Amino acid sequence: MKLAALLAVLVIAQPSLVAENGITTPETTIWLDAPAKDFTQSSPMGNGRMGAMMFGGVDEERIVLNESSVWSGSRQDADRKGASKVLPEIRRLLLEGKNPEAEALANANFTCQGPGSGGGAYGCYQVLGNLHLTFLGCDTNAPVTNYRRELGLTEAVTRLHFSRGGVAFTREMFVSAPDEVMVLRLSADRSGQISFETRLDRPERFETQADTDHGLLMTGQLDNGVDGKGVRYAARVRVLHRGGEVSVHGKVLSVTKADEVVLLITAATDYQGFAGRQTKDPLALSLKEMDRAALKSYDSLRKAQLVDYQKYFERVHLQLGPGPSAVNLKSTPDRIKALKDGADDPALAALYFNFGRYLLISSSRRGGLPPNLQGIWAEEIQPPWTGDWHLDVNVQMNYWPAEVCNLSDLTQPLFALIDSLREPGAKTAHEYYNARGWVAHVITNPWGFTSPGESASWGATTGGSAWLCQHLYDHYLFTRDRKFLQWAYPIMKGSAQFYADLLIEDPQHHWLVVAPANSPENHFRMADGREATISLGTTVHSQMLRYLFGACIESAKVLGVDPEFRKELADKCARLAPTKIGSDGRVMEWLEEYAEPEPHHRHVSHLWGLYPGDEISPATTPALAQAARKTLEARGDDGLGWSLAYKAALWARLGDGNHAWSLVRRALHPVETHEISYDNGGGVYPNMFDACPPFQIDGNFGVPAAIAEMLLQSHDGVIHLLPALPEAWQEGKVSGLRARGGFEVDMAWKNGRLTAATIRSEVGEPCRVSYLEKTIEVKIKKGKAIILDRL
């Protein structure tokens, strides 16, 4: 089959793959047939800064409210003074093969000062509060019928419908980025049926009071870990109504016999950091935004929100199927269970793909904080792992779908976080390693924490900043934005300077290796039976440094700067320890073939060079690719939510679509809301939140990235069309995916074979396109497209 029998320079529009607004489609609607009993059954909404979770109770509605800068803690100096003085001794012990002794010394001297993420000024992400609506005047003995709560991903709106006592009730909620307001409308098909009492609260540190005769105000101040005077916040709710009466008594807002009610919710904090709105008066700002929103009609607020949201969401359309029509009749939890039982429902994968895009649009907007381990959705004062940013896969995975899924402009919060770590990271680099540049270890927060964690077994890992910088250069590769590269290059250079100083020579092979080094969160057993986590060099460090050094060299060439630094990096890059294949045919995780206490460990860090890196490929490094396959087979297909996502992406890079699809199916296994154990394996909760478990949002982003990799790859200088298409996806369409080099790609296939493709170019670079075993070179003018058909 020829790749292209016809090339024509045209610009065409891909037919829309979604239904008109208001029409339910199996790829774009998450719906449940009962109120949420738990956070992981509720419906998430957000505008990048504010989040809401609607539970949809009939008699009692609870809506969890979030604001991305509601963080306890404060800036601190957690670096150990003079820690670098023990670095030579740690290295000596490693060179002598005394890894446990080196780890003990690191634990005593090479961790952070103080409790780290265990408390104090480190802080944690927290819930803003809860909005409670207690409904009155209904016959609670009357049965509830036709209950349906749906989250429409094409519109970013949650709708609730049910009937009771002969009345049909509707609730509709969205969170608007243009107007910085949450909007909830309640209506019924008969007049005078809307009566309820409203309260605002949170688990601690709050005061609620009347806010005019139509609203409530909740204020408080979080604990900064020092004197208790941390971030101040304000949240307001105001009622706009048609018919009926509204009153406030104490801390309760009452609505009686209204025909229709619109609740507006605004929130603000005085967080002063690398992102956010930099206000010192959250009371004034929340009031200003409330007054402004209250002057607009519901339809006006709704229209502005829809236009803003759809400019992101409508860039990409995916249809996998057609699947059985019966899926339209099943609730989402039932579809998830049916898939586990063997049902054919490729549209469920498309739904999860779209849900990931929805969540990124809803949690990452320019000027804001990047989504943390919870995204922006949390109901606790102390969420799992403090709800911070983990730098050894998690925050990176949050942004894996951004470039390929055409949401490149939503990466700015991540880049702002990276930039904010340079100054504190330079101090950390000096205190611990006496090195140039900057470093961030494994965990960070809005207060610039770059020190090692509180335990060397996991917290001494130095790879966080190198991995973060991969996103900077990849953004340039996708966009070819030279102005961005000029901004990003000094950040990458500082990171590369640190690692260049960190390298030492391995006396056995004379390679350059990082020391001390960890393979994230994993450990090994030495020949004498003792176990350790700190080693002399790791595969993941070498892979990341090859990428980082290469990125800096190429960036400096493009910008015409730093010839001497380029040479330094080129010389050291040539001496980095290679990715090695062990005697068992697998990729080695460490320099030595240590025994594995956990052969099925959740991390697969030594395959970083396969994904998200680019040094392992079936086409260019077939032996390493085969070793990577054996590594994955030995690791197994079970795992936590984010780990399943990572493995799916790795199998996609190996071109094995069937195995990647099996991992996607595994990532969609149903997990009950009560299952929160970290050891029970991953899947999805009823609302499609990723179950690590507990809820952790990275898998919600990792699986869509893996699905995109199954359909399109461009990491090796070639645009690969349908490189890992599983047999289960015999028919489908996708439009709007992005490829490196400034390209946008649409495709259609049938009977497992590509039938048409359109490639558009934003910058006019030459393009190599591959399908199956055929590769062609084409030229596309800037702003134009080519159509490949009769394939």
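A search of the whole structure, which is a predicted model, turns up 35 aromatic pairs. One of them joins phenylalanine 110 and tyrosine 433, whose rings meet edge-to-face, with 5.3 Å from centre to centre and 85° between the planes. Phenylalanine 110 sits in the loop between helix 2 (99-109) and strand 6 (129-135), while tyrosine 433 belongs to helix 10 (residues 422-433), so this pair ties together parts that are 323 residues apart in sequence. Phenylalanine 110 counts as buried, at 1% relative accessibility, and tyrosine 433 counts as buried too, at 6%. For phenylalanine 162 and phenylalanine 169, the ring centres are 5.3 Å apart and the planes make an angle of 25°, so this pair is stacked. Both phenylalanine 162 and phenylalanine 169 are buried. Elsewhere, ring pairs join up into a cluster made of Phe39, Tyr309, Phe313, Phe355, Tyr358, Trp377, Phe689 and Phe695.

Rings also turn up with charged partners. Arginine 148 lies over the face of tryptophan 31, 4.1 Å from the ring centre. In another case, the charged end of lysine 493 sits over the ring of phenylalanine 565, at 5.6 Å from its centre.

Next come the sheets. Strands of a sheet pair through backbone hydrogen bonds, and they can do so in parallel or antiparallel fashion. One open sheet here has 9 strands, in the order 2-7-8-9-10-17-14-13-12, with antiparallel pairing. Its edges are strand 2 (29-32) and strand 12 (207-210), each of which pairs on one side only. On average, neighbouring strands of this sheet are turned by 15° against each other, direction ignored. At one end of the order, strand 2 pairs with strand 7 (residues 144-152) in the antiparallel sense, over 4 bridges. Here leucine 32 stands opposite arginine 149 of strand 7. Helix 3 (residues 282-294) packs on the sheet and touches strand 10 (181-188), strand 13 (215-221), strand 14 (232-242) and strand 17 (260-269). The direction of helix 3 makes about 20° with that of strand 14. Helix 4 (residues 298-313) lies across strand 8 (157-164), strand 9 (167-176), strand 10 and strand 17, and it runs at about 50° to strand 9.

Another open sheet has 4 strands, in the order 29-30-34-35, and its pairing is mixed. Strand 29 (712-713) and strand 35 (774-779) each have a single partner strand, so one side of each is left without a neighbour in the sheet. Strand 35 pairs with strand 34 (residues 766-771) in the antiparallel sense, over 6 bridges. Within this pairing, valine 769 has isoleucine 776 of strand 35 as its bridge partner.

Charged side chains make their own set of links. Side chains of opposite charge can pair when their charged atoms come close. The whole structure holds 53 salt bridges. Among them is the one between arginine 49 and glutamate 180, with the closest N and O atoms 3.0 Å apart. This pair links distant parts of the chain: arginine 49 is in the loop between strand 3 (43-46) and strand 4 (50-54), and glutamate 180 is in the loop between strand 9 and strand 10, 131 residues apart. Arginine 49 and glutamate 180 are both buried.

A further salt bridge joins arginine 740 to aspartate 474, the closest N and O atoms being 2.9 Å apart. Arginine 740 comes from the loop between strand 31 (732-739) and strand 32 (743-750) and aspartate 474 from helix 12 (residues 464-479), so the pair ties together parts 266 residues apart in sequence. Both arginine 740 and aspartate 474 are buried.

Glutamate 596 and arginine 635 also meet through their side chains in a salt bridge, at 3.2 Å from N to O. Glutamate 596 lies in the loop between helix 15 (563-575) and helix 16 (622-635), and arginine 635 lies in helix 16, 39 residues apart. Glutamate 596 counts as partly exposed at 22% relative accessibility, whereas arginine 635 is buried, with a relative accessible area of 1%. Salt bridges also form a network that links Glu155, Arg159, Glu172, Arg185 and Arg302.

Finally, there is threonine 533, found in the loop between strand 25 (531-532) and strand 26 (534-535). Threonine 533 is buried, with a relative accessible area of 9%. Leaving aside neighbours within four places in sequence, threonine 533 is in contact with Glu103, Ala456, Ser457, Ala517, Asn518, Asn522, His523 and Phe524.

Note on methods:
Residues are numbered from 1 along each chain as its sequence is written. This is a predicted model: local features need pLDDT of at least 70, side-chain atom pairs count only at pLDDT 80 or more; totals for chains, interfaces and linings use all residues. Side-chain values use heavy atoms; hydrogens and water are left out. Two strands pair if DSSP finds at least two bridges between them. Helices (H or I, at least four residues) and strands (E, at least two) are DSSP runs, numbered from the N terminus. Axes are lines fitted to C-alpha atoms, for helices over the stretch in contact, and angles run from 0 to 180 degrees between N-to-C directions. Contact means heavy atoms within 4.5 Å. Buried means under 20% relative accessible area, exposed over 50%, partly exposed in between (1.4 Å probe, protein chains only). A salt bridge is a side-chain nitrogen of Lys or Arg within 4 Å of a carboxyl oxygen of Asp or Glu. Rings of Phe, Tyr and Trp (its six-membered ring) pair if their centres lie within 6.5 Å; planes under 30 degrees apart count as stacked, over 60 as edge-to-face and the rest as tilted. A charge sits over a ring if NZ of Lys or CZ of Arg is within 6 Å of the ring centre and within 35 degrees of the ring normal.
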